[in-house]
Amino acid sequence: MKKLLALLLTVVMLFSFAACGENGSEHLGMSDAPIDAVEVKVDYEIPDDFKIGFICLHDENSTYDLNFLNAVDAIQKATGLKDEQVIVKTNIGEDDACYNTAKDLATQGCDIIFANSFGHEAFMIKAAKEFPEVEFCHATGTKAHTEGLANYHNAFASIYEGRYLAGVAAGMKLNEMIEAGKITAEEAKMGYVGAFTYAEVISGYTSFYLGAKSVCPSVTMDVQFTGSWYDPTEEKNAAEALIAKKCVLISQHADSMGAPGACEAALVPNVSYNGATYESCPETFIVSSKIDWTPYYNYIIKCVVNGEKIAADWCGGIAEGSVVLTGINQDVAAEGTVAKIKEVVKGLTDGTVKVFDTKTFTVAGKELASYVADVDDMGDYAPDTEVVENGEFNESVKRSAPYFDLKVDGITRLNEKF
Amino acid sequence: MENTKNKKSFSFHIIKREQTVWYKGLAIRAAAVLLALVVSGIVITLLTDKNPLAVYKSMWSGAFGMDIRVWSLFQDVAILLCISLAVTPAFKMKFWNIGAEGQVLIGGLATVSVMMFLGGKIPLPLLLIIMVVASILAGIIWAVLPAIFKAYWNTNETLFTLMMNYVAIQLVSYFLKVFVKTGSGVLFPMPEFGFPVLFGQPYLLNIIIVVALTIAVYIYLKYTKQGYEISVVGESQNTANYIGINVKKVVIRTLIVSGALCGIAGLLLVGGTNHTINTETAGGRGFTAIMVSWLAKFNPFFMVVTSFIIVFLQKGAQQVSTDFRLPQAISDIVTGIILFFIIGCEFFLNYKIVLSKNGKEND
């Protein structure tokens with residue numbers, strides 16, 4: 001028996017040596033997530049006849065929708081909801097089909113109906129008016145605070161904090177390249193693949209850029225828009241174009257594997273979004289920020305079960321567990337990234353670090369003293385609310401969906417058409 | 001053919017069948033559907049651990065489970081049928097118009113533009129008339145351009161119409177950027193400028209319009225001189241020339257009809273259904289319609305059946321993926337199998353396979 005055990009151990013050791021030897025250096029792999037996980041607390045009883053319906057624009061093939069679907073699985077596990085109580089409708093377009101599906105779900109007896117895409121909003125509102133006893137919750141929308149419907153709600157997360165943290169990791173990688181002599185400080189240019197010239201995207205890439213700038217002051221960034229939330233080919237082309245323009249690190253706000261795939265092929269480091277792309281891009285993936293929707297699902301279920309009102313606008317942050325980071329790929333990220341990010345997370349939670357601190361960026365060469373944004377989104381495209389207060393651009397405070405749409409110095413938009 | 005069994009022979013040939021009697025045809029088709037259900041049942045059980053009977057039940061409920069689903073089913077049938085009617089005259093003429101997608105979208109874009117810029121400024125009835133005219137004109141332009149090039153310079157209409165799709169999609173993208181200043185690319189719907197709602201049923205008017213169009217297209221193709229000219233050009237351009245049909249004129253005129261019908265489909269989708277537009281508004285129906293039309297052998301009344309089958313399968317498949325939390329791919333596989341059998345049985349209805357003896361060549 002002992003002999004056998006010894007033999008087994010030898011074999012195991014041999015194999016582990018072989019594993020190390022293959023790449024010449026040790027594989028460090030993914031670290032633990034640098035933000036501590038927030039437990040989903042289910043401190044309420046869910047009746048057996050409770051039902052919740054989810055409407056998703058695409059299916060699990062889109063990283064954006066997959067993120068929502070993973071949260072559905074998580075909340076189901078946490079609450080013990082049965083399969084019959086959770087109805088998931090995927091591939092529902094941003095048109096009349098959304099209204100139909102919402103109506104279908106309401107007729108089936110759903111107490112809550114949640115939709116995940118910006119374009120679903122009008123159709124959710126239409127259904128909400130028809131079914132006042134059902135709660136309609138919509139991610140990324142802008143109308144709840146002005147629509148005045150008791151059963152229609154918007155939600156988002158302060159994902160700009162997550163992007164800022166991912167930006168810090170990117171900046172540290174740039175510093176590592178500069179120190180290693182691979183690029184000069186002036187050549188520290190990042191590329192960003194964005195979907196539309198829309199506040200959600202602008203707020204996202206600006207916070208990413210400011211995160212990088214906080215550790216690497218000489219950084220600049222080029223942004224290429226695709227005009228679509230999900231277009232693998234366009235996203236791949238955009239990433240390749242940015243790489244050809246000497247961008248040494250790429251990030252993206254679009255929902256396919258186009259950009260991360262192009263980075264892996266060209267061996268250019270990539271900061272991802274909506275979840276880890278480590279599996280398919282082990283040589284280039286650094287880190288990914290994402291919104292975890294589980295806390296919001298938990299919140300709305302709790303409200304409905306306890307008969308409490310759901311807030312018209314809900315914006316989850318790091319403390320709620322809505323803004324999360326994946327683990328950091330220690331084979332690609334610069335040394336000390338995990339520790340640095342943990343430090344910045346602490347700063348963000350205790351308020352000593354602010355993402356849109358007006359001292360850290362300029363717009364057209366000037367510090368931003370005041371900005372009136374179109375927060376009410378009534379279709380007039382007219383500014384209505386002052387959002388710069390106490391030396392900070394107050395993102396996602398006046399409503400949950402982002403409204404930062406300024407052109408910060410150091411970022412170049414390569415195309416404006418979208 | 002039952003006597004041609006010959007153990008040494010492996011050669012066979014395919015010959016065209018005489019007209020099959022209607023009940024035989026019906027029986028063969030029913031058998032094909034049944035066989036398709038059995039095969040997809042086996043596939044479902046092999047790929048997942050679900051009971052195929054439960055899967056079929058879920059498919060049925062996806063299409064007929066509640067009032068809203070039935071209305072939505074007939075609405076989708078109406079739209080698909082309308083586009084199928086539109087492509088039919090062109091295909092019957094052997095003009096390979098694969099640009100219905102773009103023609104529908106551009107019709108929709110014209111409608112939405114009228115709603116945006118004139119909505120609220122002129123009385124609603126006048127607005128509706130302008131929407132109709134604009135959508136039809138836009139559809140015609142998108143269809144007639146490739147037709148003119150084909151008629152006068154014999155360009156390839158397949159490529160031309162296909163490319164026009166991309167132009168239409170990009171135009172929709174572009175105008176969404178222009179219309180929506182926040183940059184979100186999502187145009188808020190304008191139901192106040194849409195079609196009137198009949199008897200509280202938002203889809204009823206769309207359905208009535210398409211029923212009328214179905215009858216009209218049937219009469220046009222079967223009983224008018226123009227319809228006859230389309231068949232002749234489709235059968236043989238030389239014959240058409242010989243008997244004095246102006247082929248150029250017929251090609252252009254037919255594509256005007258085709259484009260106008262596509263424009264109307266766009267109008268129904270935007271003015272009658274969504275009251276907004278995005279690049280997905282046509283949703284691939286421009287291509288599905290080609291299958292609907294071919295399966296029905298260009299007969300508008302058969303197209304009612306074929307478009308119904310296809311929409312039923314789509315709705316059913318979606319319900320299956322919802323009920324069993326399966327990826328949509330599984331339901332698409334089932335739909336594919338069923339369509340494969342339906343299309344496959346058409347082959348056996350038109351041709352028969354005859355095994356022939358070794359060395360004995362026909363023809």
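Here is a short chat about a predicted model with chains A and B.

Trainee: Let's start with helix packing. Are helix 6 and helix 7 of chain A parallel, perpendicular or oblique to each other?

Mentor: Two packed helices are described by the angle between their axes and the distance between the axes. Here helix 6 (residues 159–179) and helix 7 (residues 199–215) of chain A have axes 6 Å apart, at an angle of about 40°. Angles under 35 degrees would count as roughly parallel, and 65 to 115 as roughly perpendicular. That makes helix 6 of chain A, relative to helix 7 of chain A, oblique.

Trainee: Which helix of chain B gives the largest share of the side that touches chain A?

Mentor: On that interface, 26 residues of chain B are in contact with 27 residues of chain A. Helices 3, 6, 10 and 12 of chain B each supply at least two residues of the chain B side. The largest share is 3 residues, and they come from helix 3 of chain B.

Trainee: Is B:His275 buried or exposed?

Mentor: B:His275 sits in the loop between helix 10 and helix 11 of chain B, and has a positive phi, near 60°. Around B:His275, 24 other C-beta atoms lie within 10 Å. The cut-off for buried is 20 or more, so B:His275 is buried.

Trainee: And A:Asn390, buried or exposed?

Mentor: A:Asn390 also has a positive phi, near 55°, and lies in the loop between strand 15 and strand 16 of chain A. With 8 other C-beta atoms within 10 Å, and 12 or fewer being the cut-off, A:Asn390 is exposed.

Methods: Residues numbered from 1 in each chain as written. Chains lettered and ligands numbered in written order. Predicted model: local features only at pLDDT ≥ 70, side-chain atom pairs only at ≥ 80, totals over all residues. Axes fitted to C-alpha atoms, helices over the stretch in contact; angles between N-to-C directions. Helix = DSSP H or I, 4+ residues; strand = E, 2+ residues; numbered from the N terminus. Parallel < 35°, antiparallel > 145°, perpendicular 65-115°, else oblique. Contact = placed C-beta atoms within 7 Å.
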